There are 2 protein chains.
Amino acid sequence: MGKESAPADPSPLLALQRATHATLQVIAAELASLDMTASEINALANLADGRPRTVSELGAAVGSRPTTLTSVLDRLDRRGHITRGPHAGDRRAVVVELTPSGRTAADQVRSTLTELERRALAGLPPEAVAGFHQVLQALTEVSS
Amino acid sequence: MGKESAPADPSPLLALQRATHATLQVIAAELASLDMTASEINALANLADGRPRTVSELGAAVGSRPTTLTSVLDRLDRRGHITRGPHAGDRRAVVVELTPSGRTAADQVRSTLTELERRALAGLPPEAVAGFHQVLQALTEVSS
DNA sequence: CAACGAAATCGTAGTATCCGAAACCGTGGG
DNA sequence: CCCACGGTTTCGGATACTACGATTTCGTTG
């Protein structure tokens, strides 16, 4: 039974981790000019739509605890990429927002991401991509 | 136009990272009795098939540099989960192999993984899972 | 045999990540 | 009105991941 095409890795979760690591390294390498870490890139990419978010929201988006984000946001703040402002309706919460320079960096991050996605998914049928998102959402929901 | 089901995240790569973080936390929590970190779990899961591997091979499987694995393997070694032996045909290389106790732990890891996968993918059509693997492989290949 | 390349380890440094505790604020009950 | 409770963020401390450069050992090629 020729198993050449199905090596030894039928586990979706292991393949998930491998793909994450591999893409992460490529992204960090292509964005080396920004001199940012993976976490900073991740945070910035999630803010790239320009909509301000609280620390908790951002933490849920990137998959980290709010405590973890504090140091990441500290660095982005020091570099002038984000600002922390008061929340309109809730004075406990802090609103994280992109500065103009942060917007430039975030756009660069997003274009790198979409470029990599385009390169990888060019020859694949749309059903595969749809299934990909379906499985990712199922995994995320089960792990929420 | 109800946007509840399509939040603001059409980026496959961002969804990938979120799912990875979310599943990683659940796995680490369910395997808390083993008292191992995510990297150790990842390495052990990749060794669970019982086939010995070199450090470089394992590094390619988990997505880390060989230098990164050294400390992880040190810990697994100290706990008696793996042994480092000489490679038959290449005396530079080191062969990493599971011990009986490592095999027990690896089996536990694998059963936790398959259980989580089963829970998440139960209601999904096989085509979705197939597309998931297809996209994952494409992303990994582009980033190799 | 001499030179070059590959494999793994070690030392060093920078982050990431989480936990517990504290400070601040919003909400509901007396 | 005041108070207790829960949510939000930050800080301090501890552990571990990760990478880079240098080193050692070994295979390979000329």
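These legends walk through several close-up views of a predicted model with protein chains A and B and DNA strands C and D. Local features need pLDDT of at least 70, side-chain atom pairs count only at pLDDT 80 or more, and totals for chains, interfaces and linings use all residues. Residues are numbered from 1 along each chain as its sequence is written, chains are lettered from A and ligands numbered from 1 in the order in which they are written, and side-chain values use heavy atoms, with hydrogens and water left out.

**View 1. Chain A is built from 6 helices and 3 strands.**
Let's start with the overall layout. Following chain A from its N terminus, you meet its elements in the order α-α-β-α-α-β-β-α-α. Helices (H or I, at least four residues) and strands (E, at least two) are DSSP runs, numbered from the N terminus. The C-alpha trace of chain A extends over about 65 × 35 × 25 Å along its principal axes.

**View 2. Helices α2 and α3 of chain A pack at an angle of about 110°.**
Two packed helices are described by the angle between their axes and the distance between the axes. Here α2(A), residues 38–47, has its axis 10 Å from that of α3(A). Axes are lines fitted to C-alpha atoms, for helices over the stretch in contact, and angles run from 0 to 180 degrees between N-to-C directions. The two helices, α2(A) and α3(A), are therefore roughly perpendicular. On this scale, angles under 35 degrees count as roughly parallel, over 145 as roughly antiparallel, 65 to 115 as roughly perpendicular and the rest as oblique. The crossing of α2(A) past α3(A) is right-handed; a crossing is left-handed if the near helix is turned anticlockwise from the far one by less than a right angle, and right-handed if clockwise. Look for A:Asn42, A:Ala43, A:Asn46 and A:Leu47 of α2(A) meeting A:Leu58, A:Ala61 and A:Val62 of α3(A), where contact means heavy atoms within 4.5 Å. This contact of α2(A) with α3(A) has 5 nonpolar, 2 polar and no charged residues. Ala, Val, Leu, Ile, Met, Phe, Trp, Tyr, Cys and Pro count as nonpolar, Asp, Glu, Lys and Arg as charged, and the others, Gly among them, as polar.

**View 3. Helix α6 of chain A crosses helix α5 of chain B.**
The axes of α6(A), residues 126–142, and α5(B), residues 100–121, come within 8 Å and cross at roughly 115°. These helices, α6(A) and α5(B), are therefore roughly perpendicular, and α6(A) passes α5(B) in a right-handed crossing. From α6(A), the contact uses A:Val135, A:Ala138, A:Leu139 and A:Val142, while α5(B) brings B:Leu116, B:Arg119, B:Ala120 and B:Leu121. By class, the contact of α6(A) with α5(B) comprises 7 nonpolar, no polar and 1 charged residues.

**View 4. Helix α1 of chain A also packs on helix α5 of chain B.**
The axes of α1(A) and α5(B) are 9 Å apart, at an angle of about 95°. That makes α1(A) roughly perpendicular to α5(B). Here A:Pro12, A:Leu13 and A:Leu14 of α1(A) meet B:Arg110, B:Leu113, B:Leu116, B:Glu117 and B:Leu121 of α5(B). The contact of α1(A) with α5(B) divides into 6 nonpolar, no polar and 2 charged residues.

**View 5. Both protein chains supply residues to the surface near DNA strand C.**
Among the 22 residues around DNA strand C, A:Thr37, A:Ser39, A:Thr68, A:Arg75 and B:Ser56 come nearest. A residue is near a molecule or strand if one of its heavy atoms lies within 4 Å of it. Sugar and phosphate make up 78% of the atoms of DNA strand C that come within 4 Å of the protein. Polar side-chain atoms of A:Ser39 and A:Thr68 lie 3.0 Å and 2.4 Å, respectively, from a phosphate oxygen of DNA strand C. A polar contact is a pair of N or O atoms within 3.5 Å; within protein, one must be able to donate a hydrogen and the other to accept it, and residues adjacent in sequence count only if both atoms are side-chain atoms. The largest share of this surface near DNA strand C, 4 residues, comes from α4(A).

**View 6. DNA strand D is surrounded by 21 residues.**
Nearest to DNA strand D are A:Ser56, B:Thr37, B:Ser39, B:Thr68 and B:Arg75. A backbone N or O atom of A:Val55 lies 3.2 Å from a phosphate oxygen of DNA strand D, and a side-chain N or O atom of B:Ser39 lies 3.0 Å from one. The largest share of the surface near DNA strand D, 4 residues, comes from α4(B).
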